[in-house]
Amino acid sequence: MTQPPARRIQNPFRESIRVLGLYIRGQFLITGLTAVLYAAGFAIGHMPWWPLVAVLCGACYLVPRIGSLIALGLAALVSGLGDGNLMHLLIVFVTWVIVQGLEGFYLTPRILGRPLGLRPLAVFAALIVGSLFFGPVGFLLAVPVLAVLNVFWQWYRDRPRAPAR
């Protein structure tokens, strides 16, 4: 199968707003889906306060890269303080591993990667550079800034050129 030709960007500012909207919508969709996945795993494992913990763990995914670790810590803390049952802690960890795998290998590439047109290595480099120069704020804004820069790069690369004299 051949892919349809990429559309040419007429107005990079309007396209940037569209791409940022896709990014925000995608982040909230991933957050909601991970909350549902956590809720299913925590309910199966009979974790105390599982609906609240699942929503909070899903919301942690709004923080790129470290949100999942915050979610694991939160779930382990609630499970450990709730009844201290080691089996519940094991179920929390297994649920976290499964959600991590689904989010990292399926949800995020499909929901964010394709629509934004960003390659994983570029995203990784942007996260490192953003956090190195601008700290936590740079870490949070690296992917949206990269998406906007990509729009302007595509517009510049594909613009019509004046004929040589």
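Trainee: Is S79 buried or exposed in this model?

Mentor: In this predicted model, S79 is buried, since its relative accessible area is 0%, and its place is in helix α3.

Trainee: What does S79 touch, leaving out residues up to four places away in sequence?

Mentor: With those sequence neighbours left out, S79 is in contact with M47, G84, H88, L89 and V92. One of these, V92, also belongs to a core of 15 residues, which has F42, A54 and C60 among its other members.

Trainee: Okay, and the largest nonpolar core, which residues there touch the most other members?

Mentor: That core has 19 residues, and the ones touching the most other members are L116, L118, V123, L127 and V143. Two or more residues come from each of α1 (12-44), α4 (86-116) and α5 (120-158), with α5 giving the most, nine residues. The core of 15 residues that includes V92 lies apart from it.

Trainee: What are the contacts of V123, not counting residues up to four places away in sequence?

Mentor: On that count V123 touches R65, L118, V143 and L146, and of these L118 and V143 are also listed with V123 among the residues that touch the most other members of the largest core.

Trainee: Switching to α5 itself, what does it span between its end C-alpha atoms?

Mentor: The span is only 23 Å, whereas a straight helix of 39 residues would cover 57 Å at 1.5 Å a residue. There is a bend in α5 of about 150° at F134, and a proline, P136, follows within four residues.

Trainee: How much space lies in the largest pocket?

Mentor: The largest pocket holds about 700 Å³ of space. It is lined by 25 residues, of which R65, E103, T108, L112 and V123 are the closest to its centre, and R65 and V123 are also in contact with each other.

Trainee: Which helices supply at least two residues of that lining?

Mentor: Each of α1, α3 (67-82), α4 and α5 does so, and the largest share, nine residues, is supplied by α4.

Trainee: Last topic, what is the phi of H46, and where does that residue lie?

Mentor: Its phi is near 55°, a positive value in a residue other than glycine, and H46 lies in the loop between α1 and α2 (50-59). Most residues other than glycine have a negative phi.

Trainee: And W49, is that one buried or exposed?

Mentor: W49 is exposed, with a relative accessible area of 59%, and H46 likewise counts as exposed at 60% relative accessibility. W49 is also found in the loop between α1 and α2, and has a positive phi of about 55° although it is not a glycine.

Notes:
Residues numbered from 1 in each chain as written. Predicted model: local features only at pLDDT ≥ 70, side-chain atom pairs only at ≥ 80, totals over all residues. Heavy atoms only, no water. Core = buried A, V, L, I, M, F, W, Y, C linked by side-chain atoms within 4.5 Å. Buried < 20%, exposed > 50% of the residue type's maximum accessible area, 1.4 Å probe, protein only. Contact = heavy atoms within 4.5 Å. Expected span 1.5 Å × (residues − 1). Bend = angle between axes of the 7 residues up to and from the residue. 1 Å grid on protein atoms, 1.4 Å probe; cavity = no way out; pocket = protein on both sides within 12 Å on 5 of 7 lines; lining within 4 Å. Points joined across faces, edges and corners; volume = space filled by probe spheres on them.
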